[in-house]
Amino acid sequence: MADDNSKVPEDLTPLTSPVSYLQVVLLAGVLVALYLISTANYLLFHGIVELAGIAVAFSIFIIVWNTRRVITDGFFLIIGISFLFFGSIDLVHTLAYKGMGIFPGNSSDLPTQLWIAARYFQSIAFLAATLFIGRSITKDRKYDAGIIIAICTAACAILFSSIFVWQNFPACYVEGTGLTLFKITSEYIISLILIATIVILYMKREHFDPVVWKLIIAAQVFLVLGELAFSSYASVFGFMNMLGHLFRLISVYLFYRAFVVVALTRPYHLLLRELKQNEVTLRAGEKKYRTLFENMLEGFAYCRMIYDVEGRPVDWTYLDVNTAFERMTGLKNIAGKRVLEVIPDIRTLTPELFNTYGRVASTGKPEIFEIDFKPMGMWLKISVFSPETGYFVAVFEDMTTRKIVEGALRESREMYRELVENISDVIFSLDLQGNFTYISPAIERQYGYTNEEIIGKNFSKFVYQGDHTACLEAFRKRLDGEYGPSEFRVVTKEGRIQNVIVSQHPIFSKNGTVAGFNYIMTNITERKIAEDEVRKARDFYLSVLNDFPNPIWRAGVDGKCNYFNKDWLAFTGRNLEQELGDGWAEGVHPDDLDRCLKIYLENFNARKPFDMEYRLRYHDGTYRWLYDSGKPISSQNGEFVGYIGSCYDIHDRKLAEDALRQANTKLNLLSSITRHDINNQLFSLKAFLELSKETLNDPATLSEYILKEERAANAIERQIVFTKEYQDLGANVPTWQNVGAGIKNALALLPVRDIRISEDVDAVEVYADPLFEKVFYNLIDNALRYGGPAMTMIRITSQESGPGLILSIEDDGAGISAHDRMRIFERGFGHNTGLGLFLCREILAITGITITETGEPGKGARFEITVPKGGYRFTGERT
């Protein structure tokens, strides 16, 4: 913008002048290079151009954002902030470009939609910005940036939602066809918006610095040219697409120069910034060197030398010392003090120190020396120099540890020599041809060979013939730079075969090349024999565990299972790889998993035995109850090595326990009900007997009372019959019962007459109360009693469904009315005793089996018995 500070100093003119010839040549070179790249790899070209534009857009935003408090013109504020948003859309466009493989699919429509969205955003933002040329959005400019950010954020969110969420943004590119009418039309609309912006900028050109104005106009023109190029391409990798990107790149560059001009046409701001930077740099430098001084590992002392009348050094004054000096010497706050004041005996113990410091302070020649600093019992390496006559700086390095290490190193070398000569392992060296150049004395003690019999010979002469090839191959790998331990067999001088393991390290020559190898050879014959014994024992015990008739598992010290025997795998129907680690937990019933893991981990961490019960998925998909007992195991030396556990299938026991509990509950309930009913009938019977005594002379009334007494007696008789039927319910544990056999047994006791019986359930067994057979007896008996004369058949079938197995008993008789269906399983409801279907329901419920009536009145009755999963099994081939 033109103002009193818009005049550019001469030293800034090259930065703010229009594009120079050199810049034109460089820009042309870049464009040609990009064109050549596009012919070789268009995706690379597109990425370079787009990322360059995005980087410039973000840079412009950063410049404007950080100077927003001094920008008084709303135009530049809107333009600068908008660069962040349409630059972000361009970034997503770049990532979505066909061939990038970041977004699902490989369509060109998504990047084209994002391109159009970004250009609409940019052109509309530019046009809106022209409304605020020469003025701010609000009076005090306090909320201008926030308003722009809010509007841009909302617009950007709508565009992204339209494309990715709502997916109602119009298609812009159709594979095989090219650009859509919406896309082409949009390019012309965007161009018209940009042209309108150019016209407004021309009309208000007096508000701009001439250089800035020309750059913005030129940038808009190239932006229009790019949009026109983008309106006519047929392929996203075509020439016009490439040309449009080059035009846009030129436009972005011109925008960048325009905004650099805005920053540079405020000399007062630039000067203050430079002064501030110089001040910050100066302070940072001072802090840096002070930090270096205080944190250097070497002690540092700056001193002034004190001489006597004859010019001999007699004392010195400490002017400054660093933290390392204080830490090293233990002397604190000595600045301004004399050395004889803080270390009185220094001159007596180390007189040479005075001579050296005095010489350096007077001659200015630096010196480096080591000294046994007796006053403090430490070795020091001192570098001393003189910054000016009469002064010296001493830099101290504590050599005490190094001296101790050197002494220890001498002792270590002597100890190493003794170790090499006396160690049981053989140490030897080979050259690159595999010939011995050194061997330790242990070779004679261990293998019988003398030093003279070994040196100069090839190592292969001592290797067992069966390992000769493998040993030579291992040596060849070492020549190729592959290092690692090797095991093979050697032959002693007496002809005995010994197992050995060797480890090696290369010997380097002065020029860094490998000149040979150092080896340590350990005799592992006894270990091999022991390992073989252990392996045999392990194989034996693993064989025992694998053939054990119950599921067995084992876990390591990390708590992860590393072994399952055959019975476990057969139980789960999974392979070993699926079960290893924590894979076994996938089969535990979800309701038991947390409890199971809690017991396992708590006891594992405490190294305590544990027992637990849980349900594990069986190979047929059902869950069966297991009793799992785990105990910690230790190695021969008592070291904890993990856990081992064995499991027992207690599913049938669990079912029996549940059935027994339910049967007891039902028996108690029904006994209570039956007792109550009998008591009621006895009370009625006694009452009518008393009334009968009083009406002996009234035959009609007496007859009525006798009839009621007979009814009460009949009711008591029915209750007694029911208790006989019910007395065996739950008396025995549930068992697996063949459905077909139960039906045949029931039919043998019933007068079937000419009714056709059809059943196909021989291969099914159900886990139920031993009275299960009576269910079929009662159901078939009911059909025969109440099916009516039209009934011709009774059909019994089975079918698996979601809840489990459905056993259907249906006939083609009269059926059951909708009203009766609601009550047929109630105790006492019915035409006979009213207890048959009630008893059926109670027998089935013991093991969780349900029964319902689903027939149609007039078309026949249909009873459906639903057996839950795990409560049935198939014993043969199903038809």
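The following exercises, each with a worked solution, concern a predicted model.

**Exercise 1. Strands β15, β16 and β17**

Determine how strand β16 is joined to β15 and to β17, and which residues serve as examples of bridge partners.

Solution.
Step 1. Locate the strands: β15 spans residues 610–617 and β16 spans residues 623–634, while β17 covers residues 640–649.
Step 2. Consider β15 with β16. These strands run antiparallel and are joined by eight bridges. One of the partners can be named: F610 is matched with G630 in β16.
Step 3. Consider β16 with β17. Here nine bridges join the strands, which again run antiparallel. K631 has I644 in β17 as its bridge partner.

**Exercise 2. The two hairpins**

Identify which residue takes a positive phi in the hairpin of β15 and β16, and which does so in the hairpin of β16 and β17.

Solution.
Step 1. In the hairpin of β15 and β16, five residues lie between the strands, and G621 takes a positive phi near 95 degrees.
Step 2. The hairpin of β16 and β17 also has five residues between its strands; G638 takes a positive phi near 85 degrees there.

**Exercise 3. An aromatic pair**

Classify the pair formed by W316 and Y318, and decide whether each residue is buried or exposed.

Solution.
Step 1. A pair of aromatic rings is described by the distance of the centres and the angle of the planes.
Step 2. The search of the whole structure finds 42 aromatic pairs. W316 and Y318 form one of them, with 6.5 Å centre to centre and 80 degrees between the planes.
Step 3. Planes over 60 degrees apart count as edge-to-face, so the pair of W316 and Y318 is edge-to-face.
Step 4. Buried means under 20% relative accessible area. W316 has 2% and is therefore buried; Y318, at 5%, also counts as buried.

**Exercise 4. Charges over rings**

State which ring lies beneath the charged end of R205, and over the face of which residue R624 lies.

Solution.
Step 1. The charged end of R205 sits over the ring of Y202, at 4.2 Å from the ring centre.
Step 2. R624 lies over the face of Y618, 5.5 Å from the centre of that ring.

**Exercise 5. A nonpolar surface patch**

Name the residues of the nonpolar patch and describe the position and exposure of M100.

Solution.
Step 1. The patch consists of L51, L91, L95, M100 and I102, which together have about 390 Å² of accessible area.
Step 2. M100 is found in the loop between α4 (74–96) and α5 (109–129).
Step 3. The relative accessibility of M100 is 32%, so this residue counts as partly exposed.

Methods
Residues numbered from 1 in each chain as written. Predicted model: local features only at pLDDT ≥ 70, side-chain atom pairs only at ≥ 80, totals over all residues. Heavy atoms only, no water. Pairing = 2+ DSSP bridges. Helix = DSSP H or I, 4+ residues; strand = E, 2+ residues; numbered from the N terminus. Phe/Tyr/Trp six-rings, centres within 6.5 Å; stacked < 30°, edge-to-face > 60°. Buried < 20%, exposed > 50% of the residue type's maximum accessible area, 1.4 Å probe, protein only. Lys NZ or Arg CZ within 6 Å of the ring centre and 35° of its normal. Patch = residues over 30% accessible without salt bridge, like charges linked within 9 Å, V, L, I, M, F, W, Y side chains within 5 Å. Areas by Shrake-Rupley, 256 points an atom, 1.4 Å probe, with all protein chains shown as cover. Salt bridge = Lys/Arg side-chain N within 4 Å of Asp/Glu carboxyl O.
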